[in-house]
Amino acid sequence: MPEDLLNSFMSGPDEKGRFGNYGGRFVSETLMPLILRLEAEYERAKTDQRFWDEMHDLWTHYVGRPSPLYHAARLTDRLGGAKIYMKRDELNHTGAHKINNVLGQILLARRMGKERIIAETGAGQHGVATATVCAKFGLKCVVYMGAHDVERQAPNVFRMRLLGAEVVPVTSGRGTLKDAMNDALRDWVTNIRDTFYCIGTVAGPHPYPAMVRDFQSIIGKEVREQMQAAEGRLPDTLIAAIGGGSNAMGLFHPFLDDKDVRIIGVEAGGKGVDDRMEHCASLTGGRPGVLHGNRTYLLQDDDGQILEGFSISAGLDYPGIGPEHAWLKDVGRAEYVSITDREALDAFQLCCEMEGIIPALEPSHALAHVMKIAPDLPSDHLICMNMCGRGDKDIFTVAKALGVEIG
Ligand SMILES: *Cc1c(COP(=O)(O)O)cnc(C)c1O
């Protein structure tokens, strides 16, 4: 890897929000002033100790950070190779990593005097986290959700409504996450004065990919300290599941300059990465294009129409991927692999049985890749995977896949 590319990692993106050929701000002129104001406010907050003090106070007392770094001893024994650690972000309030980022953006919205928060959501996890923090601060919350997802994710829709949010079913396009994000962007340009758009992953126009990454980086920063305390050194391999890529970027980013740390992102392989496109592996099975204000790898047909993709895990079926991952793939700093539904289900079950942890289906993909590589690695090789969500939300999907009736 060329030295100047390597040196740019910790300082990236550039002033136009580009990670190499990816990222940027492909937005309408009407959106530009909003995005520039947000960027300016974030740049100020970033170096303001009071902002980070407030974040850490909420992370500690509201979210429950730091999340533990846990040695999965029985799983390590069973696989018979590398020593396996899990970063337990499923123990966060609301059950996943999403709230790390939502808190940051909502503190920013409060600094900007915005009283109406909008968000997009697919499976509903980001919508629930946003509705939660809005309730805590007494802010109006509107969540755009594909009509198809509203039907599939009834419990999360009800949670958001209990928390006082308005859930808007989106019927444009195919009524899924991609369309929900388009409608949220449309809402933003028509409600310029009082509205803040809280994006749920490392996607969207600059500064979102870098800002969301910075908020999620608490995951990797804690892992550095916790692994030093447990083993006296850094981990050898990091593994995380990728939908849009925010939990993975949060784990990876603090380690990008540590060239000996191997970094692996795991995409949803669905029924297998082939021409039928029944997967969500944007990097392994997609091509570069522009979506939601940035240039990145996308699932698309020959005419550049965005494809929906497929995965057993609703949280992984975003047709794009954060632009920083596209860049890390191209320069070779991170590797990207895919795991099928079947492999993820096997990992899900093994984790329940061996560790007493019911994982979400998303991190089950990361765990499945751990299961693939750990047996061939020496016992002093340290793997850290991100357990980015808990599996309560997935038990109906898993029961169905296993052919079990549960009410
Ligand atoms: C939303 C979600 C994901 C996918 O989002 P990323 O931005 O890729 O992290 C993965 N796991 C869980 C548990 C989620 O809720």
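Of the 15 residues around the ligand, those that come nearest are Lys98, Thr201, Gly243, Gly245 and Ser246; a residue counts as near if one of its heavy atoms lies within 4 Å of the molecule. Bear in mind that this is a predicted model, where local features need pLDDT of at least 70, side-chain atom pairs count only at pLDDT 80 or more, and totals for chains, interfaces and linings use all residues. Residues are numbered from 1 along each chain as its sequence is written, and side-chain values use heavy atoms, with hydrogens and water left out.

Let's look at the ligand's oxygen atoms. An N or O atom in the side chain of Thr201 is 2.6 Å from one ligand oxygen atom. The backbone joins in too: an N or O atom of Gly243 lies 2.7 Å from an oxygen atom of the ligand, and for a backbone N or O atom of Gly244 the distance is 3.2 Å. The protein covers 96% of the 390 Å² of accessible area that the ligand has on its own (Shrake-Rupley method, 1.4 Å probe).

Now step back to the shell, whose residues divide into 3 nonpolar, 10 polar and 2 charged, with Gly counted among the polar ones. Domain 1 (17-62 + 98-212) and domain 2 (66-95 + 218-401) both contribute residues to this shell, so the ligand lies between them. These bounds come from an automatic or database domain assignment.

How values were computed:
A polar contact is a pair of N or O atoms within 3.5 Å; within protein, one must be able to donate a hydrogen and the other to accept it, and residues adjacent in sequence count only if both atoms are side-chain atoms.
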